[in-house]
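Here are my notes on the model you sent over. I've kept them as numbered points so you can go through them with the viewer open.

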Amino acid sequence: MTHIYDNPSDFKEHVIEGFAAAYARYAERVPGASGFVRRGGPRAGKVSLVVGGGSGHYPSYSGTVGPGFADGCVLGDVFASPSAEQVVRVARAADGGAGVILSYGNYAGDRLNFGAAQERLRAAGVDCRMVYVTDDIASAGPEEADRRRGIAGTFLVYKIGGAAADSGCDLDTVERVMRAANAATFSFGVAFAGCTLPGRAEPLFSVDKDQMEFGLGIHGEPGIRTGGWMPAAELAQALVDAVLAERPAGAGGRAAVILNGLGSTKYEELFVLYGHVHRLLAAAGVEPVLPEVGELVTSLDMAGCSLSLTWLDDELERYWLAPADTPAFRRGETSTLPAYDRRAGATEQEVADERPTEASPASRAAAAVARRAIAAMTAVVAEHEEELGRIDAVAGDGDHGIGMLRGLRAAEAAAEAADGGVGDVLTAAGDAFGDKAGGTSGLLWGVALSAVGAALGSTAEITPALLRDAVHAGAAAIQRVGKAERGDKTMLDALLPFTEELDRQLGTGAGLSGAWRAAAAAAVEAAASTASMRARVGRARPLAERGVGTPDAGAVSMGLILTAVGEVLAQAATLADVPPTHVNSTNPTPADVTEGEPR
């Protein structure tokens with residue numbers, strides 16, 4: 001298990017602080033961000049490569065920042081993608097003026113957050129490209145290569161792309177080289193024991209001592225199939241056979257090779273295994289080019305390993321062999337690389353409009369209810385955090401409860417600090433949720449809260465019809481950004497039944513709180529029914545069969561949250577109890593508020 005930590009919720013921050021202290025000669029932290037750029041900042045006129053993803057994978061990602069490799073990295077919480085805001089901050093600080101490549105493993109949360117960051121960077125005038133890595137052959141077949149996860153092959157693609165950027169290639173060339181490297185990279189892994197999140201007593205999954213999990217993920221996911229223990233020679237055969245089966249037509253006989261340890265498998269064990277791998281590759285006519293054996297993309301304390309091959313042509317081989325000097329990877333003499341002048345990083349952020357919001361008394365009163373609703377959401381997720389993690393771990397990475405609670409606590413703090421009407425409060429809460437939670441849920445809940453806030457505004461009376469329309473706007477935002485549909489086994493499978501029942505109840509003339517509670521009950525029932533579904537999107541998709549029989553964690557948390565909000569609405573049969581801390585010259589006094597159910 002993970003033994004060294006203080007407050008588990010601050011684990012990522014403490015990791016970043018320690019890394020910054022240890023490796024200031026290589027990297028410097030971006031102010032106000034969870035990430036690093038090369039010491040001295042960006043290089044003028046050079047394409048910048050920014051890599052990132054969840055924490056828990058060191059040396060990926062901070063260990064790769066340095067000459068010949070990455071220009072910057074951005075870190076999310078353990079096994080959770082960084083938020084779009086964090087990606088933007090690091091990318092701006094790394095931008096040398098010749099464009100930025102964002103690269104990451106192919107996971108739903110990363111694609112959503114990095115994609116949102118790319119849009120913002122382009123809007124700010126930064127030529128930004130994205131290359132996501134799809135090397136894990138266990139997660140999808142060749143016909144669905146674009147849906148494959150990124151595992152240890154990410155290290156190969158980043159190394160090759162970083163070398164191309166440091167050699168002076170332009171943005172189009174670096175993007176092309178990285179895409180070629182990704183198309184030529186294939187990985188397959190095996191786990192002997194699951195990893196344990198900081199502060200947890202049990203691993204995300206367990207493996208019997210006489211078995212192995214084949215086709216693992218690097219976020220604590222179990223394999224796609226379980227097999228019996230086998231000696232090193234047979235295990236090497238299984239790994240080599242799986243990877244060579246995907247050898248592209250026309251591939252030559254030279255390949256970059258990584259035998260990657262996942263965190264707890266000892267180097268000596270890896271060397272035993274690599275001896276067999278090397279002989280098998282030679283027998284198949286494959287010549288490993290500067291192979292690497294060791295921990296390059298880990299999964300906290302997971303016991304296991306993976307084999308990755310990148311089939312090399314002359315161009316890819318040149319960049320694989322190129323020198324690099326980073327905290328975790330050193331090769332050759334980087335003084336031979338082209339020299340660049342330093343360029344001041346673009347650290348300025350968008351300036352928020354700080355003018356006082358013109359909010360109506362009715363909207364300010366509704367804002368007080370919204371604050372109580374967010375507090376209730378936080379409390380119910382805190383109560384069920386471990387249960388949500390357990391559900392999520394069946395076919396995912398087990399961090400759903402942790403991530404939701406982190407986002408909700410940030411949303412609650414932002415809502416308490418926000419002035420104005422209900423729209424202002426919910427928008428502030430959504431921004432904070434998305435930034436602090438990270439991952440898929442962080443982005444989707446962030447955009448949903450912001451969409452609800454925008455629809456309610458800060459001047460209109462909150463009628464049942466307006467609230468109904470705002471909820472629909474939040475659901476539409478989740479569908480638009482997440483690109484999921486009903487039946488994909490996501491939070492939408494609870495939210496959409498909720499919106500339908502809310503419409504029906506209000507259509508019969510039911511009051512708002514009664515209609516909401518009935519709709520929340522429908523959401524809870526719908527969430528339970530996701531147990532029979534197979535995941536069609538997201539991180540759980542590769543393990544869809546294992547997930548049958550267990551409901552979707554996002555749908556379950558949605559049902560819990562909607563129920564908690566319903567209780568707040570029921571308690572707010574009158575809005576006259578606005579907390580004194582939120583009463584000012586523009587707040588309504590109790591006498592100013594009409595009694596009765598929220599309108």
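1. Burial and overall size. Of the 599 residues of the protein, 59% count as buried. Bear in mind that this is a predicted model. A compact globule with 599 residues would have a radius of gyration near 25 Å, and the protein has 25 Å, so the two agree. If you want box dimensions, the C-alpha trace spans about 85 × 55 × 40 Å along its principal axes.

2. Secondary structure and contact range. The protein has 18 helices and 14 strands. Take the contacts between residues at least 6 apart in sequence: 73% of them join residues at least 24 apart.

3. Surface and charge. The accessible surface comes to about 22700 Å², and carbon and sulfur atoms account for 53% of that. On the charge side, there are 52 positive and 76 negative side chains, with the centres of the two sets 3 Å apart.

4. The cores. Nonpolar side chains tend to be buried together in soluble globular proteins. Here the largest nonpolar core has 113 residues, and Leu102, Leu307 and Leu309 have the most contacts inside it. Which helix gives the most to this core? That would be H4, residues 153-166, with eight residues. Apart from this core lies another one, of 68 residues, including Val369, Ile391, Leu443 and Ala475.

5. Leucine 307 up close. Leaving aside neighbours within four places in sequence, what does leucine 307 touch? Its contacts are Phe186, Ser187, Phe188, Leu239, Val240, Val243, Val257, Ile258, Leu259 and Val277. Try showing these residues together with Leu102 and Leu309, which are also among those with the most contacts inside the largest core.

6. Two cis peptides in one loop. Please look at the stretch between E3 and E4. Tyrosine 58 and proline 59 are joined by a cis peptide bond with omega about 15°, and proline 59 sits in the E3-E4 loop. There is another cis peptide bond between serine 60 and tyrosine 61, with omega about 20°; tyrosine 61 is in the loop between E3 and E4 too. I'd flag both for anyone setting up the model.

7. Serine 62. This residue is in the loop between strand E3 (48-55) and strand E4 (72-78). Serine 62 has 5% relative accessibility, so it counts as buried. Beyond four places in sequence, serine 62 is in contact with Phe19, Phe36, Cys73 and Pro327. Glycine 35 is 27 residues from serine 62 in sequence, with the two C-alpha atoms 7.7 Å apart.

8. Phenylalanine 69. The loop between E3 and E4 also holds phenylalanine 69. Is phenylalanine 69 buried or exposed? Its relative accessible area is 0%, so it is buried. Not counting residues up to four places away in sequence, phenylalanine 69 touches Arg38, Leu49, Thr64, Phe155, Tyr158, Lys159, Gly162, Asp166, Ala324, Thr326 and Phe329. For aspartate 166, the C-alpha atom is 7.7 Å from that of phenylalanine 69, although 97 residues separate them along the chain.

9. Positive phi at two residues that aren't glycine. Leucine 300 has a phi of about 50° and lies in the loop between E11 and strand E12 (303-311). With 18% relative accessibility, leucine 300 counts as buried, because the cut-off is under 20%. Lysine 483 has a phi near 55° and is found in the loop between helix H14 (464-482) and helix H15 (492-507). Lysine 483 is exposed, at 65% relative accessible area.

10. Proline 291. Where does proline 291 lie? It lies in strand E11, residues 287-294. At 32% relative accessible area, proline 291 is partly exposed, because that category runs from 20% to 50%. Leaving out residues up to four places away in sequence, proline 291 touches Val257 and Tyr274. Val257 turns up among the contacts of leucine 307 as well. As for asparagine 106, its C-alpha atom is 24 Å from that of proline 291, and the two residues are 185 apart along the chain.

Key:
Residues numbered from 1 in each chain as written. Predicted model: local features only at pLDDT ≥ 70, side-chain atom pairs only at ≥ 80, totals over all residues. Heavy atoms only, no water. Core = buried A, V, L, I, M, F, W, Y, C linked by side-chain atoms within 4.5 Å. Buried < 20%, exposed > 50% of the residue type's maximum accessible area, 1.4 Å probe, protein only. Helix = DSSP H or I, 4+ residues; strand = E, 2+ residues; numbered from the N terminus. Contact = heavy atoms within 4.5 Å. Rg over C-alpha atoms; globule rule 2.2 N^0.38 Å. Areas by Shrake-Rupley, 256 points an atom, 1.4 Å probe, with all protein chains shown as cover. Lys, Arg positive; Asp, Glu negative; His and termini not counted. Charge placed at Lys NZ, Arg CZ, Asp CG, Glu CD.
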